[in-house]
Amino acid sequence: MSFRTRRIVEFRDTDAAGIVHFSAFFPWMESAEHEMLRSLGIKVLPDSHDDPSVTWPRVSVSCDYANAARFEDWLDIEVSVVHIGRSSIRYEVTFSRQDGSGGAVPVAKGATVVVCCRLRPRGGLEKVAIPDDIRVKLESL
Ligand SMILES: CC(C)(COP(=O)(O)OP(=O)(O)OC[C@H]1O[C@@H](n2cnc3c(N)ncnc32)[C@H](O)[C@@H]1OP(=O)(O)O)[C@@H](O)C(=O)NCCC(=O)NCCSC(=O)c1cc(O)c2ccccc2c1O
């Protein structure tokens, strides 16, 4: 199971070669992940240091590129939860675009590992076990 969303390639996302720059995929992965969390009713960020909600710093992010995308291409984005550990979650995010006859062309595939943490005063991070309610929601995806 997975979460799906779409976005159009903006002019600012492209490079001098007219194709999407490799770095553009990282904020897109992050936005899609946040959208997925919101869709499940999971807070993306605690409101303050007093808020006991957890936070999700990333410890690993990568992306592989299969085919170029260009200005005004619509990208179909799919976020999958591929591993839920004690404190960590591994997400995979695939990007594809339609070809002229309605087929899907793979564009890129990224992976992000986040660690469930509590925020400490002055921005310190402390790893904690993923709360059960969040685990259940992510497993339902
Ligand atoms: C996060 C840390 C405090 C964890 O340190 P600790 O030493 O306690 O961690 P462990 O080594 O025990 O690992 C915990 C857990 O993660 C798995 N893991 C660790 N590294 C990797 C890896 N490279 N690849 C895969 N998996 C890894 C490990 O196996 C354990 O898994 P379990 O499931 O078994 O528990 C510490 O690492 C730390 O402080 N790191 C720095 C974090 C950081 O600064 N990241 C960059 C900025 S974060 C950011 O940009 C950000 C973006 C967002 O979109 C957010 C959205 C919402 C909230 C926060 C966001 C955010 O901060």
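Two strands count as paired if DSSP finds at least two bridges between them. Keep that rule handy for the exercises below, and remember that this is a predicted model.

**Exercise 1. Which elements does the chain have, and how do they run from the N terminus on?**

Start with the inventory: the chain has two helices and seven strands. Now walk along from the N terminus, and the pattern reads β-α-β-β-β-β-β-β-α. For a feel of the dimensions, the C-alpha atoms fill a box of roughly 50 × 30 × 20 Å, taken along the principal axes.

**Exercise 2. Work out the strand order of the open sheet and name its edge strands.**

Step 1. Go through the pairs. E1 and E3 run antiparallel and are joined by six bridges. Nine bridges link E3 to E4, again antiparallel. Between E4 and E5 there are 11 bridges, with the strands antiparallel. E5, residues 104-115, is joined to E2 by seven bridges, and these two run antiparallel as well.

Step 2. Check each pair against the cut-off of at least two bridges. Six, nine, 11 and seven bridges satisfy it, so these strands pair.

Step 3. Chain the pairs together. You get an open sheet of five strands in the order E1-E3-E4-E5-E2, with antiparallel pairing. The edges are E1 (3-8) and E2 (58-65), each of which pairs on one side only. From one strand to the next, the twist averages 20°.

As background, strands of a sheet pair through backbone hydrogen bonds, either parallel or antiparallel.

**Exercise 3. Find a residue that stands opposite each of these: Ile8, Val79, Ile89 and Val61.**

Go across the sheet, one strand pair at a time.

- Ile8 faces Trp74 in E3.
- Val79 has Val93 in E4 opposite it.
- Ile89 has Val114 in E5 as its bridge partner.
- Val61 stands opposite Thr112 in E5.

**Exercise 4. How many residues lie between the strands of each hairpin, and where does phi turn positive?**

Step 1. Take E3 and E4: this hairpin has three residues between its strands.

Step 2. Move on to E4 and E5, whose hairpin has five residues between the strands. Gly102 in that hairpin takes a positive phi near 85°.

Step 3. Look outside the hairpins, at the loop between E2 and E3, where Glu72 sits. Phi of Glu72 is near 70°, a positive value in a residue other than glycine. That deserves a second look because most residues other than glycine have a negative phi.

**Exercise 5. Which strands do the two helices touch, and at what angles do they run?**

Helix H1 (residues 25-39) lies across E1, E2, E3 (74-84), E4 (88-98) and E5. Its direction is at about 120° to E2. Helix H2 (residues 132-139) also packs on the sheet, touching E3 and E4. The direction of H2 makes about 130° with that of E3.

**Exercise 6. Describe the surroundings of the ligand, from the shell down to single atoms.**

Step 1. Count the shell: 19 residues surround the ligand, and the closest are Glu30, His34, Ser87, Ser88 and Lys127.

Step 2. Sort those residues by type. Nine are nonpolar, six are polar and four are charged.

Step 3. Trace them back to their elements. E2 gives the largest share, three residues.

Step 4. Zoom in on the polar contacts, using the cut-off of 3.5 Å between N or O atoms. A polar backbone atom of Arg86 is 2.9 Å from a ligand oxygen. Ser87 brings a polar side-chain atom to 2.6 Å from a ligand oxygen, while an N or O atom in the side chain of Ser88 is 2.7 Å from one.

Step 5. Finish with the surface. Taken alone, the ligand exposes 1,200 Å², and the protein buries 53% of that. The elements that give two or more residues to the shell are H1, E2, E5 and strand E7 (125-127).

How values were computed
Residues numbered from 1 in each chain as written. Predicted model: local features only at pLDDT ≥ 70, side-chain atom pairs only at ≥ 80, totals over all residues. Heavy atoms only, no water. Helix = DSSP H or I, 4+ residues; strand = E, 2+ residues; numbered from the N terminus. Axes fitted to C-alpha atoms, helices over the stretch in contact; angles between N-to-C directions. Contact = heavy atoms within 4.5 Å. Near = heavy atom within 4 Å. Polar contact = N/O pair within 3.5 Å; in protein donor to acceptor, adjacent residues only side chain to side chain. Areas by Shrake-Rupley, 256 points an atom, 1.4 Å probe, with all protein chains shown as cover. Nonpolar A, V, L, I, M, F, W, Y, C, P; charged D, E, K, R; others polar.
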